[in-house]
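Work through the exercises below with the structure open beside you, and try each task before reading its solution.

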Amino acid sequence: MTRLAILAALLASLTTAAVRAADAPAEIKLGTLYASSGRFASISMPVHDGLKLWIDQKNADGGVYVKAFNKKIPLKLIAYDDQSNTATAATLYNQLITQDKVDVLIADSGSVLTSIAVPIARDHKMLLIDQTGTGANFFTPDNPYIALMADPVSSVWPKPLADFLTHDGPGLGIKRVAMLYATNDFTGTQANTVRKLIKESNSGVEIVFDEGVPTETSNYTVLLNNIRASNPDAVLHLGYASNDIAFLRNVQDSGIKFKFLFCIYPGVETELLEKNLGRKALDYVFTYVTSSGMAYKNEFGMSLKEYKDAWQKKYADSKVEFGFNSIAGYTTGLVLEKALSVATSLDQLELRKAIFSLSGNLKTLDGTFELDANGGQIGEFTPVGQFVPGEGDHLKLLTLWPHDLASGKPVYPRP
Amino acid sequence: MFTYSLLAGLLFGLYFSLIGLGLNLVFGVMRIVNLAHGDFLMLGAFLAFWLFTLFALNPVPAIAIAFLAFAIVGLPLYYLLVPRLLRAKDPEMLSFILFFGLSQVIEAVTTIAFGTSERSIPGDQLGHAVAVVAGFFAGHKVDTGPVELLGQTFPASWVASGVASGCAVLLVYLYLYRTRLGYLTRAVMDNREEAIATGINVHRVSAVAFGIGLGLAAAAGVFAPFMLGSITPAMGAEVTVTSFAVIVIGSLGNPLGTVLGGIVYGISYVFMQSYYSSWANLLPYVLLIAILLVRPSGLLGRRVRRA
């Protein structure tokens with residue numbers, strides 16, 4: 001009798017699996033946008049290329065394992081070019097959902113082009129796979145349709161920076177901080193956090209210059225003169241890659257020496273900035289230490305070196321530089337792969353549940369994947385570092401904060 | 001801060017005069033709006049970038065190369081596009097569509113060719129050129145760093161672009177007022193039909209003006225990596241909008257009015273950046289609306305119509 005029951009159960013499960021496999025779609029449709037031109041192209045294309053690399057690898061291997069159908073299914077990427085235009089992006093996100101009926105909706109890179117997708121995804125009850133849109137206001141308790149994959153929330157980014165300034169700063173002689181930021185979700189949120197944390201620290205550090213500029217700003221010469229007039233001990237510039245390039249080049253050209261200079265992108269897109277500014281412009285610049293500068297021990301997917309080699313092989317024309325954003329696209333793919341391997345259906349809330357089940361348990365090239373209750377990424381974080389001249393003509397990135405990760409001491413004032 | 005902003009605005013404005021000069025010359029002669037103007041500037045910037053990257057060529061000779069190369073390209077491009085456009089019922093309006101399309105094509109092709117990333121030329125390259133010239137006049141070696149101007153310090157590239165803009169304006173002035181072709185150009189600007197009636201080869205005059213317009217855009221592009229931070233294939237549209245604002249402020253159709261437009265724009269922008277930095281990028285649009293409401297013909301408008 002027992003044998004018969006076991007045999008019946010086995011047959012039933014085999015039949016169910018066979019039925020599920022028979023119902024399986026021929027492909028899993030991933031819908032996304034990218035910006036091949038316009039202001040956000042340089043942060044969008046690396047992310048998109050990273051995602052494509054993951055898709056190509058998986059398809060070469062027969063697809064990804066989808067637990068809901070108990071089989072490997074090839075991935076089909078449906079990608080449209082939004083040209084960095086938010087109006088175009090809105091139309092295309094709608095098209096992906098309503099016309100192409102994608103199984104998984106993936107946002108374009110960066111907060112500006114993601115911000116458009118957040119309400120659209122929510123209205124259509126589609127889970128938004130947010131790659132690098134970090135605006136803190138995207139993640140609210142009343143919106144279950146978003147999860148941030150490969151980039152900490154903007155309010156998490158600057159915490160190590162503020163901690164470094166308020167803990168180590170006074171000892172170094174940093175009391176007066178000037179902050180210039182681009183007024184968008186990504187850097188605006190960071191500026192708000194830095195301001196708040198410095199104010200709350202009661203460390204004696206004060207902000208003596210605090211100005212926002214449009215993200216489109218391309219010349220900082222006059223602003224630099226105004227910052228100099230405020231006599232700061234430390235200058236923080238929070239902007240996108242193009243802002244940092246213009247800012248650092250204006251610092252160099254104007255001959256103004258700041259004792260402490262912090263920018264976001266030297267540590268995020270090091271190759272791009274070095275190519276544009278030359279090594280000397282980055283000497284002794286403080287920045288975030290991201291996954292491209294710190295090899296996190298990952299438990300899933302390629303190692304940093306293997307991934308970089310694969311990237312350089314696939315994109316040998318070097319039109320898109322390797323950096324943090326290229327890792328972010330690949331990381332998005334890895335998290336999706338894991339989620340599909342545990343989700344019991346392709347229902348959007350089931351996908352969300354599967355992604356949340358990975359929270360705190362998955363180590364990727366970006367560090368620990370961990371989400372807060374609203375879908376914001378809080379596991380990955382951005383230590384503070386400083387570029388110093390390395391061997392030969394190379395730059396070396398020292399990690400300074402937190403102290404348990406430190407690989408050197410800060411050089412202050414900047415020579 | 002006030003003096004610095006004023007001088008910086010003047011230098012910055014001179015650069016925008018150079019940017020707008022070619023656009024206004026083309027509009028003045030042909031009454032067409034070249035919405036691909038910023039894209040030709042971008043191509044000039046990429047030309048300078050590649051000349052520097054491949055041959056280590058300083059941007060100063062690249063200015064002449066860019067000007068000549070694009071002036072030459074402008075001649076056949078004129079005959080390909082403009083005569084047909086001018087035969088249309090409303091060439092001014094059609095030019096918007098045609099050159100918008102051209103702008104998109106240029107941006108797309110450049111993106112395919114060079115990628116989307118930012119590109120730059122090292123900032124000290126123009127500093128070297130300024131130091132050589134300053135050293136020649138001073139009689140001794142001059143440092144390549146920033147330049148002191150009326151007690152204020154500016155990047156050498158700002159001074160270099162200001163000087164180049166001044167030279168370009170002077171050359172355009174000499175061309176328009178001291179050469180035979182220039183006289184003919186002004187005649188066409190004043191009244192195209194009368195110019196045709198008097199036997200002027202309007203297409204030849206216009207083709208040269210179109211070539212000069214593109215050449216000036218490309219020459220302005222050489223300074224773009226220094227004045228606009230970096231260059232990308234996508235930069236053209238924004239530059240076109242700004243230069244359009246500059247020429248409307250100065251006066252549509254009056255190339256020399258562009259100088260005034262550029263300076264007004266530059267000084268306003270820099271003061272805005274100094275005192276209300278978050279709002280600085282609204283300025284071109286605000287100025288554009290204000291001028292169209294208060295003085296639709298631009299600050300030097302009357303002179304244009306009666307030139």
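Two residues are in contact if their C-beta atoms, placed from the backbone, lie within 7 Å. The model used in these exercises is predicted.

**Exercise 1.** Find how many residues each chain brings to the contact between chain A and chain B, and describe the side that belongs to chain B.

*Solution.* Begin with the counts: chain B takes part with 36 residues, while chain A takes part with 39 residues. Next, look for the helices involved on chain B, where helix H1 (2–30), H4, helix H6 (156–178) and helix H11 (257–275) each supply at least two residues of the side that touches chain A. Finally, sort that side of chain B by class, which gives 14 nonpolar, 18 polar and four charged residues.

**Exercise 2.** Decide whether Ser120(B) is buried or exposed, and list what Ser120(B) touches.

*Solution.* First locate the residue: Ser120(B) sits in the loop that lies between helix H4 (91–114) and helix H5 (124–138) of chain B. Then apply the cut-off, by which a residue is buried if 20 or more other C-beta atoms lie within 10 Å of its own. Ser120(B) has 24 other C-beta atoms within 10 Å, and therefore it is buried. Leaving aside residues up to four places away in sequence, Ser120(B) touches Ile245(A), Arg249(A), Asn276(A) and Leu277(A), as well as Pro225(B) and Ser230(B). As a last step, compare sequence with space: Ser120(B) and Gly229(B) are 109 residues apart in sequence, yet their C-alpha atoms are 7.5 Å apart.

**Exercise 3.** Work out which strands stand at the edges of the five-stranded open sheet in chain A, and why one side of each has no neighbour.

*Solution.* Write down the strand order, which is S4-S1-S5-S6-S7 in chain A, with parallel pairing. Strand S4 (75–81) and strand S7 (146–148) of chain A are at the edges, and because each has a single partner strand, one side of each is left without a neighbour in the sheet. From one strand to the next, the twist averages 25°. Now examine one pair: strand S1 (residues 28–34) of chain A and S4(A) are joined in the parallel sense over seven bridges, and Ile28(A) stands opposite Leu75(A) in S4(A). To finish, add helix H3 (residues 86–98) of chain A, which lies across S1, S4 and strand S5 (104–106) of chain A and runs at about 175° to S1(A).

Notes: Residues are numbered from 1 along each chain as its sequence is written. Chains are lettered from A and ligands numbered from 1 in the order in which they are written. This is a predicted model: local features need pLDDT of at least 70, side-chain atom pairs count only at pLDDT 80 or more; totals for chains, interfaces and linings use all residues. Two strands pair if DSSP finds at least two bridges between them. Helices (H or I, at least four residues) and strands (E, at least two) are DSSP runs, numbered from the N terminus. Axes are lines fitted to C-alpha atoms, for helices over the stretch in contact, and angles run from 0 to 180 degrees between N-to-C directions. A residue is buried if 20 or more other C-beta atoms lie within 10 Å of its own, exposed if 12 or fewer, and partly exposed in between; C-beta atoms are placed from the backbone. Ala, Val, Leu, Ile, Met, Phe, Trp, Tyr, Cys and Pro count as nonpolar, Asp, Glu, Lys and Arg as charged, and the others, Gly among them, as polar.
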